[in-house]
Amino acid sequence: MRAPLCFVAALGLAVPAHCLAQAAPAAVHWTTKSGARVQFIESRAVPMVDIAVDFAAGSAFDPPGKLGAAALAHALLKAGAGEWPEDALAAAFADVGAIPGGALDRDRASVRLRTLSSEGERGKALVALAAMLQRPAFPAAAFERERSRLAARLAEAETQPDQVADREFYAAIYGAHPYGRVATAATVMGVERADVERFYRDHYTADRAVVTILGDLSRADAGAVAEQLTASLRERGAGGELPLVQGPAHGGRIDVAHAAQQAHVLIGMPVLTRDDPDYFALTVGNYVLGGGGFVSRLTRDLRDTHGYAYSVYSYFFPLARPGPFQIGLQTRRDQADVAVARVRAVAAEFLANGPTEAELRDAKASLVGGFPLRIDSNRKLLNEWALIGFYRLPERWLADFPVRVERVTLADIRAAFAQRMALERFVTVVVGADQAR
Amino acid sequence: MRRAVPLLVCLAALLGSGAVGADLYSRTLANGLRVIVKEDRRAPTIAHLVWYRAGAMDETSGTTGVAHVLEHMMFKGTKAMPAGEFSRRVAAAGGRENAFTGHDYTVYFQQAERSRLELMIELEADRMANLVVSPEEFALEIKVVQEERRLRTDDRPRELVYENLMAAAFKVHPYRRPIIGWMTDLETMTAADARDWYARWYAPNNAFVVVVGDVSAEAVFQLAQAHYGALPARPLPVRKPQNEPPQEGSRRLVVKAPAELAYVLIAYQAPVLRDVAKDREPYALAVLAAVLDGNDSARLKARLVRSRRIANEATASYEVTARGPGVFMLDGVPAQGRSAAELESALRGELAAVAADGVTAAELERAKIQYVAGRVYKRDSIFAQALELGLLESAGLSYRDTDRILERIRAVTADEVREAARRVLVEEASTVATLDPQPVDPSKPQPRSTAPRH
């Protein structure tokens, strides 16, 4: 992983982007017999292996009227598989110190495993993982239990102001698009076990899967692992693609009353896909606006100059279809309106003029100089590669990251923000402001 | 279940490669600042952490939260540098930075490409001695901290339960006070309070530095000497132990807050590790926590969540090390149709089962393997390694103790686990707090925690 040729770094000078590019390890790619795509990154430094299996089976694929099916299918993978009852499956991982995990977002259902690389331990963990992925049993009792737990969590979420804001924001910017629909306690109770089985059959298929293997094993072993995890997946199912996004034609403000001490504010609109040609112009620009932590304009204005908020940020969340650009903050309920006005003023100025030369220089220095921190652990590399694989980004996406950042110009940023975003199309959601009725 | 034996044998080779701590170095400068270095060459990055042995437990009544407020003010300028300049320079160097305050410590850290270490050391050395707390910056930042309290505690029902529980579980020891401080103290805090705190505790002889990453220890020591070495040591205030007396009966409280689900949190007074070689009980409690909640097959999930369906969530936690007294905690969310009282009784029932029947050999091995594997996985993150070293040191142990502690955990017997459950985790030494969920009534904003309703 090291780049011993770049001595200039050791002298404390700026690190040239091309040096960093060499530091990003490459992946080997192939396709399994069943048709799943595989990426393998060898890393021998620590005796462990990380695996991510990502399916196009996120919550946006919930069938109409069955919101929550994706979440239940994902949660129930570990509730028993093949000849393994639920407890035996859990014990199989625990006995060898392996950690199963996963996550679900709107696009992706991700299944993860971290295991020791020694053959006995790795082998046992993989047998269990292979069963989970390819022969989940969805036992009736576990289904009832997980449905009840999910419904309870969602009912709880409906009482918490940050979660209410999130739900309202997505509903407002996406309307009827699947990204805008959110499962509730009521919709989840309308999902039956057969719906979950059907969801699995349609979406946990080889053509919707990408397997990322990273760590202390050979290419040959990785090949066997990939086959083991995918050989009996259906090659394809009835799961479809996500429709295009019809963004809100005009913005507006939505107020939701709440008893909390702070108002929760979200502002934004759908903008960015992972493979968008404006990806770098927009994300480098956003570093200046609200992505750069303590040095961003939003933090310096709302937090440092006015003391309105502990946390204020903006980010793009790129998805398969245009994901949200989102500004967020929480502030004392009686000052929500002045804080929202400040955010809009900062955003308006940025949309009109973009960053200054100095800000762009600092943003690039930070993103390029900080690139080694994006790839300095197996965990981070796995996350990067899982995204690259899932969204079919170019093989050199990670290696080229610093160079692509370097190439961004002020004109690129101004043009991208001007063409893709507009203040009057931003939706503003405010939960718990004093003025709310 | 003999799985563990070959695994542990093979891991001994992986973990220590013979000489335990061969990549660990330490030097103490003449002014008392200890510098701890772990060389880890797998990626060209470093983590730099400055630990001050001053946290919320060193505060006094009336100024609770000042340790954390000072942490915020440390980004607000020095004699040589205006507010915000610290963060600007770190960011421009591609670094990531932040800070955190605990009961036991206050920590500042940066992660960066390896060639940037000197800049980070230079910046930290400057604010170790030259901080300026201006009334204007303080007036703004104290508002930010109040927002942080609203965000993290006041509007989070389960955090309110935790805060109330700690205030009831400890009568004497300052762990009873929240790290972020009571709102009334934040509302009346002044720049002078922050300055006093800085003058009292921020000195090289009350700090230590941890660097992990792609560096040579010798190079780090030279940089440390060049930048931290010139700062003068100062006499430190006497620390009073404020020992918590043994609890003579269980305590119980209820918190009402807007929520849908009830929640139960139980804390037991417990020992913590003071002598790595001689203590036994803390290791047994660590293993017990893992038997209860170390993985998906552990007892609380297997029995209370899956089999008996009393709980939607149930966890156990115990920290082996701390400057102050120890706490063993259980918590959970009742399942639909189950009450908080039923869940409390079921959680206590799991402890009673261990006290009566002990744990199985398979459970014991599984719990230990989590620790051993966790030790391997920790090598994936230089920041996690730096944090581990610092936590040991801050708790009054040695940064060199990691492997010795792991050895001791591996030596825990089933009898020791049962004995620890019997002796320590008794109802008389516990405090239980319950969340009584209230409907969300938008027409009635929550009263601010200290001011009268208006």
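Which residue is the bridge partner of A:Trp30 in β2(A)? In this predicted model, that partner is A:Val38. The pair belongs to a ladder of four bridges that joins β1(A) to strand β2 (residues 37-42) of chain A in the antiparallel sense.

These two strands are part of an open six-stranded sheet in chain A, with mixed pairing and the order β1-β2-β6-β3-β5-β4. Its edge strands are β1 (28-31) and β4 (99-104) of chain A, each of which pairs on one side only. On average, neighbouring strands of this sheet are turned by 15° against each other, direction ignored. Helix α5 (residues 119-134) of chain A packs on the sheet and touches β3 (48-55), β4 and β5 (109-116) of chain A. The direction of α5(A) makes about 165° with that of β5(A).

Another helix that meets these strands is α16 (residues 378-390) of chain A. Its buried residues pack against β2, β3, β5 and β6 (209-215) of chain A, and also against α15 (371-374) and α17 (397-407) of chain A. Among those buried residues are A:Leu381, A:Leu382, A:Trp385, A:Ile388 and A:Phe390, together with A:Asn378 and A:Glu384. The length of the helix can be checked: at 1.5 Å a residue, its 13 residues should span 18 Å, and the end C-alpha atoms are 18 Å apart, so the two values agree. After α16(A) comes A:Arg392, with a positive phi near 55°.

In chain B, strand β3 (residues 45-52) can be followed in more detail. Eight of its eight residues are buried. In a regular strand, side chains alternate between the two faces of the sheet. In β3(B) both faces are covered, with B:Thr45, B:Ala47, B:Leu49 and B:Trp51 buried on one side and B:Ile46, B:His48, B:Val50 and B:Tyr52 buried on the other. β3(B) pairs antiparallel with strand β5 (residues 106-113) of chain B over eight bridges, and B:Tyr52 has B:Thr106 as its bridge partner there. Seven bridges join β3(B) to strand β6 (residues 207-213) of chain B, also antiparallel, with B:Leu49 opposite B:Val210.

The largest nonpolar core has 287 residues, of which B:Val287 and B:Leu288 touch the most other members. Helix α10 (residues 281-293) of chain B gives the most to this core, with 10 residues. Leaving aside neighbours within four places in sequence, B:Leu288 is in contact with B:Val354, B:Val417, B:Ala420 and B:Ala421.

Finally, the two chains meet: 67 residues of chain A are in contact with 64 residues of chain B. The side of chain A that touches chain B divides into 30 nonpolar, 19 polar and 18 charged residues.

Note on methods:
Residues numbered from 1 in each chain as written. Chains lettered and ligands numbered in written order. Predicted model: local features only at pLDDT ≥ 70, side-chain atom pairs only at ≥ 80, totals over all residues. Pairing = 2+ DSSP bridges. Axes fitted to C-alpha atoms, helices over the stretch in contact; angles between N-to-C directions. Contact = placed C-beta atoms within 7 Å. Core = buried A, V, L, I, M, F, W, Y, C linked by C-beta atoms within 7 Å. Buried ≥ 20, exposed ≤ 12 C-beta atoms within 10 Å, placed from the backbone. Nonpolar A, V, L, I, M, F, W, Y, C, P; charged D, E, K, R; others polar. Expected span 1.5 Å × (residues − 1).
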